[in-house]
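Dear colleague,

I am passing a structure on to you with this email, and below it you will find a careful account of what was found. Please keep it open beside the text while you read.

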Amino acid sequence: MKIWLTYTLRTAVTFIMAVLLATSCSQDNFDEPIAEGETAIVSFNSTIEYQTETRAWDASNVDKLYFELYLDDKIIERLEFDVVDGNVNNFQIELLKNMTYTAVFWAQKEGCSAYTFTNLNNISINYDSATCSDFAEVGEKDAFHAACTFTVNTTTINEGVDVRLTRPFALVTVGVNPSNFTSGTTSSIILNKVATSFNAVTGTASNGDVKTLNFAPDGTTTVPGKSQTMLAMAYILPLKNSATDITIRKTVGSQTEEKTLTINKIEANKRYNILSAE
């Protein structure tokens, strides 16, 4: 499923982005020669792509998109766009023909304290701010990104380019059978080997760390799509090619139970349900 975005350009600009999110999205074949030094107007559309069958929210909390344009690894433009009711106006910018640029996108709820950055090549993740006792608010920590290197050529000028933003995060949910939930229960997820920084230019996560995320379940929220009572929920940024140890801790009064699971590969844009067998 997709949310179509219509971007409202806040600042007058002299560049145009033509971006396609893909493993390799450069447009290398020219249909006809282009004179050096000429400029052209290129348009594009953007979408936020999400999966309701594996995710808990539909990206409706996102209301701000941050953009950076790179040339030869140097930032030459920074822009911000409003996302209004999940929609944004398509826009156009002027760029030099034959030049190759990298455009980077990061979408989130404006003012969300879970993510801080000066440049999009170094986004810090504050896991304490990425969780909360009110599970409905966890959706406000949702974020999406896209990055693409592209060349301004005849194809991009004539056709424009589509941009698809996806989640770099996985969502972990922990549930217990309602009969085993007691008022006053507290819980936590202890994550070993999760990333604390994200480079939106390269799409890589780094700085693995151990994080303990504490929750105070309300006893009424259920795991999305399941009948179990929610104990904990959090977005996490997985490290590539690294197993993640997840320890679930449940405390009722003076009694504490713990169980550790090792997940060999946590993938972005997926939800992982850890459910009680009892």
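**An aromatic cluster**

Ring pairs join W106, Y115, F169, F198 and Y235 into one cluster. Please bear in mind throughout that this is a predicted model. A search over the whole structure finds nine aromatic pairs. In one of them, the ring centres of W106 and Y115 are 5.6 Å apart and their planes stand at 80°, and because an angle over 60 degrees counts as edge-to-face, this pair is given that name. The rings of W106 and F198 also pair, with centres 6.0 Å apart and planes at 40°, so this pair is described as tilted. This second pair links distant parts of the chain, since W106 belongs to strand 7 (residues 100-108) while F198 belongs to strand 13 (residues 186-199), and the two residues are 92 residues apart.

Are these three residues buried or exposed? W106 has a relative accessibility of 0% and therefore counts as buried, Y115 is buried at 4%, and F198, with a relative accessible area of 3%, is buried as well.

**The second largest pocket**

The second largest pocket has a volume of about 430 Å³. Its lining is made up of 16 residues, and of these G175, E257, K259, S276 and A277 lie nearest the centre of the pocket. Sorted by class, the lining holds eight nonpolar, three polar and five charged residues. Strand 12 (170-176), strand 16 (244-252), strand 17 (255-263) and strand 18 (271-275) each supply at least two residues of this lining, and strand 17 gives the most, with four residues.

**Strand 12 and its neighbours**

Strand 12, which contributes to that lining, is mostly covered, as seven of its seven residues are buried. Both of its faces are covered, with A170, V172, V174 and V176 buried on one side and L171, T173 and G175 buried on the other.

Which strands are joined to strand 12 by bridges, and in which direction do they run? Strand 15 (residues 229-236) is joined to strand 12 by seven bridges, and these two strands run antiparallel; within this pairing, T173 stands opposite M233 of strand 15. Strand 18 is joined to strand 12 by five bridges, and here the two strands run parallel, with G175 standing opposite L275 of strand 18. G175 is thus a residue to look at twice, as G175 is also among the residues that lie nearest the centre of the second largest pocket.

With kind regards

Methods: Residues are numbered from 1 along each chain as its sequence is written. This is a predicted model: local features need pLDDT of at least 70, side-chain atom pairs count only at pLDDT 80 or more; totals for chains, interfaces and linings use all residues. Side-chain values use heavy atoms; hydrogens and water are left out. Rings of Phe, Tyr and Trp (its six-membered ring) pair if their centres lie within 6.5 Å; planes under 30 degrees apart count as stacked, over 60 as edge-to-face and the rest as tilted. Buried means under 20% relative accessible area, exposed over 50%, partly exposed in between (1.4 Å probe, protein chains only). On a 1 Å grid over the protein atoms alone, a cavity is a set of points where a 1.4 Å probe fits but cannot get out, and a pocket is an open set with protein on both sides within 12 Å along at least five of seven lines; lining residues have an atom within 4 Å of a point. Grid points are joined across faces, edges and corners, and a volume is the space filled by probe spheres set on the points. Ala, Val, Leu, Ile, Met, Phe, Trp, Tyr, Cys and Pro count as nonpolar, Asp, Glu, Lys and Arg as charged, and the others, Gly among them, as polar. Two strands pair if DSSP finds at least two bridges between them.
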